[in-house]
Amino acid sequence: MIRAIGVLESSSISKGIEAADEMLKSGAVKLLESKPVCPGKHITIIYGDVGSVEASMAVGSEILSSFFVDEILIPNVHQDVVRAVAGIPNPGEFKAIGVLEFFSITGAIYAADAAVKSADVNIVDMRLGIAIGGKSFVTITGHVSAIETAVAAGKEEGIKHGLLFSQTVIPSPHKDLLKKLV
């Protein structure tokens, strides 16, 4: 089981790749994702025990120096967030859907973790800054009341940690829309 997740965002793709390499060499962490994101930034996502993730993040931040944009460390991260970052959806029941949209990558990850910890919901999709102008969003499913609770929790966390843009709750979504979400 993954204990902690760390995200390091860089304004330089080349420095982001260099930092990712050193982060992996510096400790007992595993790489979940390392890729360019819009608009011309780089993101590295690692996981492991809390201490190892913290130590690797410190190494990466030092390497990035003036190219550092943002970072997050979530201890006891919900496993649905890890699966969503890895591109493995967990659709669950489509009684309702909720969408949380951000101007930052880190805001979406914080919000997703808060949402799935607050109610019985599943993450259908999480897009982190690729081909959408650097914005990020998370889409969740569940019963209407659970979606309302989860969106409220995600919104609150998103406001605290990063550039919430918009959110919505859609009860009884149309079946044609649902086909496109999975």
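Where in the structure is the place of Ser104? Ser104 sits in the loop between S5 and H4, and this briefing starts from there before moving on to two helices, two cores and a few unusual backbone angles. The model is predicted, so local features need pLDDT of at least 70 and side-chain atom pairs count only at pLDDT 80 or more, while totals for chains, interfaces and linings use all residues. Residues are numbered from 1 along each chain as its sequence is written, and side-chain values use heavy atoms, with hydrogens and water left out. Names such as H4 or S5 stand for DSSP runs numbered from the N terminus: helices (H or I) have at least four residues and strands (E) at least two.

**Ser104 and helix H4**

- Ser104 is buried, with a relative accessible area of 10%; buried means under 20% relative accessible area, exposed over 50%, and partly exposed in between, using a 1.4 Å probe and protein chains only.
- Ser104 caps the N-terminal end of H4, with a side-chain oxygen 3.0 Å from the backbone nitrogen of Gly107.
- That cap is a polar contact, a pair of N or O atoms within 3.5 Å; within protein, one must be able to donate a hydrogen and the other to accept it, and residues adjacent in sequence count only if both atoms are side-chain atoms.
- The 14 residues of H4 should span 20 Å at 1.5 Å a residue, and its end C-alpha atoms are 20 Å apart, which agrees; the expected span is 1.5 Å times one less than the number of residues.
- Twelve of the 14 residues of H4 are buried, so this helix is largely enclosed by the rest of the structure.
- Among the buried residues of H4 are Ile105, Ala108, Tyr110 and Val116.

**Helix H2**

- Helix H2 covers residues 50–64, and its 15 residues should span 21 Å at 1.5 Å a residue; its end C-alpha atoms are 21 Å apart, which agrees.
- The buried residues of H2 are Ser52, Val53, Ser56, Met57, Gly60 and Leu64.
- These buried residues cover an arc of only 130 degrees around the axis, which puts them on the same side of H2; the arc is that of the directions from the helix axis to the C-beta atoms.
- An α-helix has 3.6 residues a turn, so residues three or four places apart point the same way.
- The buried residues of H2 pack against strand S1 (4–10), helix H1 (13–26), strand S3 (41–48) and strand S4 (68–75), where contact means heavy atoms within 4.5 Å.
- Asp49 caps the N-terminal end of H2, with a side-chain oxygen 3.2 Å from the backbone nitrogen of Gly51.

**Two nonpolar cores**

- A nonpolar core is a set of buried Ala, Val, Leu, Ile, Met, Phe, Trp, Tyr and Cys residues joined through side-chain atoms within 4.5 Å.
- The largest nonpolar core has 36 residues, and those with the most contacts inside it are Val81, Ile109, Ile123, Met126 and Ile140.
- Helix H4 (residues 105–118) gives the largest share of this core, eight residues.
- A second, separate core has nine residues, including Ala4, Leu8, Ile46 and Met57.

**An aromatic pair**

- Rings of Phe, Tyr and Trp (its six-membered ring) pair if their centres lie within 6.5 Å; planes under 30 degrees apart count as stacked, over 60 as edge-to-face and the rest as tilted.
- By this rule there is one aromatic pair.
- Phe103 and Phe165 form this edge-to-face pair, at 4.7 Å centre to centre and with 70 degrees between the planes.
- Phe103 lies in the loop between strand S5 (96–102) and H4 and Phe165 in strand S8 (residues 164–171), so the pair ties together parts that are 62 residues apart in sequence.
- Phe103 counts as partly exposed at 44% relative accessibility, and Phe165 counts as partly exposed at 43%.

**Unusual backbone angles**

- Most residues other than glycine have a negative phi, and most peptide bonds are trans.
- Ser65, just after H2, takes a positive phi of about 50 degrees, and Ser65 is exposed at 53% relative accessibility.
- Asn76 has a positive phi of about 55 degrees although it is not a glycine.
- Asn76 lies in the loop between S4 and helix H3 (79–85) and is exposed, with a relative accessible area of 56%.
- A cis peptide bond joins Cys38 and Pro39, with omega about -10 degrees; Pro39 is in the loop between strand S2 (30–37) and S3.
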